[in-house]
Amino acid sequence: MREFLLLEYASGLFAHPSLWQLGVDYFDYCPELGRVSLELHIERIPLNTEQKALKVLRICEQRQMTEQVRSICKILAMKAVRNNRLGSALSWSIRAKDAAFATLVSDRFLRDYCERGCFSDLDLIDNLGPAMMLSDRLTFLGKYREFHRVYGEKRFADAASLLLSLMTSQIAPRSFWMTLLTDALPLLEQKQVIFSAEQTYELMQCLEDLTSGRPVHRGPDTQQCQDDDIETTKVEMLRLALARNLARAIVREGSLEGS
């Protein structure tokens, strides 16, 4: 009887917009049905503001309400995506341990990079740590950013190895392969030979795999024709740079063996 009265009173408090937090304490004093009732009421709370969502989240985390924590984090992640706050969206999707949503947000980061030529929220991406293992796309995002950081530090051999591993490990989305190959161009044109002959062969194979499956567009679409011309120019530049690098690498490796 006592628990029934407490449950009724707590439910009444939850119906009030400014007293619902008091209702949580009353549910805690109901050993039989308190937790189940709290979970049901938590799921009905409108998360109008991020401040309110954080309060609800803290209550759930204190009581190890894993499913509710995940649900709230996902709601906040979706709101952040709608407001184009990608850093916040990625943080919430990681906190929710939602691999599918982390992949979606990572794709948005990569698309933004292709359009703008730089990453937003660098602090977050640089400090993903073990969280990047949540999804392949998130791993790729973290490692691709690491490639740019290593390249910026002029550690060209490390940058080349990392770039090649991104392509051969199959975690890079195929739509991003041309970007990766284009990133290899400055390394191929360095005075010092960066890519070995074996690595160059692997890059050549990646380029052939990419271009062999590319559809040929025909028709009056001027923009599409311009895009195709740009892609064709990139492919020709890459083939030339790869061929030159291969010749240099073979000569260099041959001279090292002979010495």
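Which element gives the largest share of the lining of the largest pocket? Helix H11 does, with four residues. The legends below refer to a predicted model.

**View 1. Lining of the largest pocket, with helices H11 and H13.** The largest pocket has a volume of about 260 Å³. Eleven residues line this pocket. Lying nearest its centre are Arg 174, Ser 175, Met 178, Thr 179 and Glu 231. Two elements, helix H11 (177–188) and helix H13 (222–258), each give two or more residues to the lining. Of the elements, H11 contributes the largest share, four residues.

**View 2. Nonpolar surface patch with Tyr 9.** Tyr 9, Leu 19, Leu 22 and Tyr 26 make a nonpolar surface patch of about 350 Å². Tyr 9 belongs to helix H1, which spans residues 2–14. The relative accessibility of Tyr 9 is 46%, so this residue counts as partly exposed. Partly exposed residues fall between the 20% and 50% limits of relative accessible area.

**View 3. Arg 35 in helix H3 and its separation from Val 24.** Helix H3 covers residues 34–44 and includes Arg 35. Because its relative accessibility is 40%, Arg 35 counts as partly exposed. Val 24 is eleven residues away from Arg 35 in sequence. In space, the C-alpha to C-alpha distance between Arg 35 and Val 24 is 9.4 Å.

**View 4. Asn 84 in the loop between helices H5 and H6.** The loop that holds Asn 84 runs between helix H5 (66–82) and helix H6 (86–95). Asn 84 has a phi near 60 degrees, a positive value in a residue other than glycine. Most residues other than glycine have a negative phi.

**View 5. Asp 121 in the loop between helices H7 and H8.** Helix H7 (99–116) and helix H8 (122–126) are joined by the loop in which Asp 121 is found. Phi is also positive at this residue, which is not glycine: the value for Asp 121 is near 55 degrees. Asp 121 has a relative accessible area of 39% and is therefore partly exposed.

**View 6. Domains of the protein chain.** The chain is divided into domain 1 (1–46), domain 2 (66–153) and domain 3 (156–213 + 223–253). Domain 3 is thus listed with two segments, 156–213 and 223–253. Taken over C-alpha atoms, the centres of domain 1 and domain 2 are separated by 36 Å.

Technical notes:
Residues are numbered from 1 along each chain as its sequence is written. This is a predicted model: local features need pLDDT of at least 70, side-chain atom pairs count only at pLDDT 80 or more; totals for chains, interfaces and linings use all residues. Side-chain values use heavy atoms; hydrogens and water are left out. Patches are made of residues with over 30% relative accessible area and no salt bridge: like charges are joined within 9 Å, nonpolar side chains (Val, Leu, Ile, Met, Phe, Trp, Tyr) within 5 Å. Accessible areas come from the Shrake-Rupley method with a 1.4 Å probe; for residues, only the protein chains shown count as cover. A salt bridge is a side-chain nitrogen of Lys or Arg within 4 Å of a carboxyl oxygen of Asp or Glu. Buried means under 20% relative accessible area, exposed over 50%, partly exposed in between (1.4 Å probe, protein chains only). Domain bounds come from an automatic or database domain assignment. On a 1 Å grid over the protein atoms alone, a cavity is a set of points where a 1.4 Å probe fits but cannot get out, and a pocket is an open set with protein on both sides within 12 Å along at least five of seven lines; lining residues have an atom within 4 Å of a point. Grid points are joined across faces, edges and corners, and a volume is the space filled by probe spheres set on the points.
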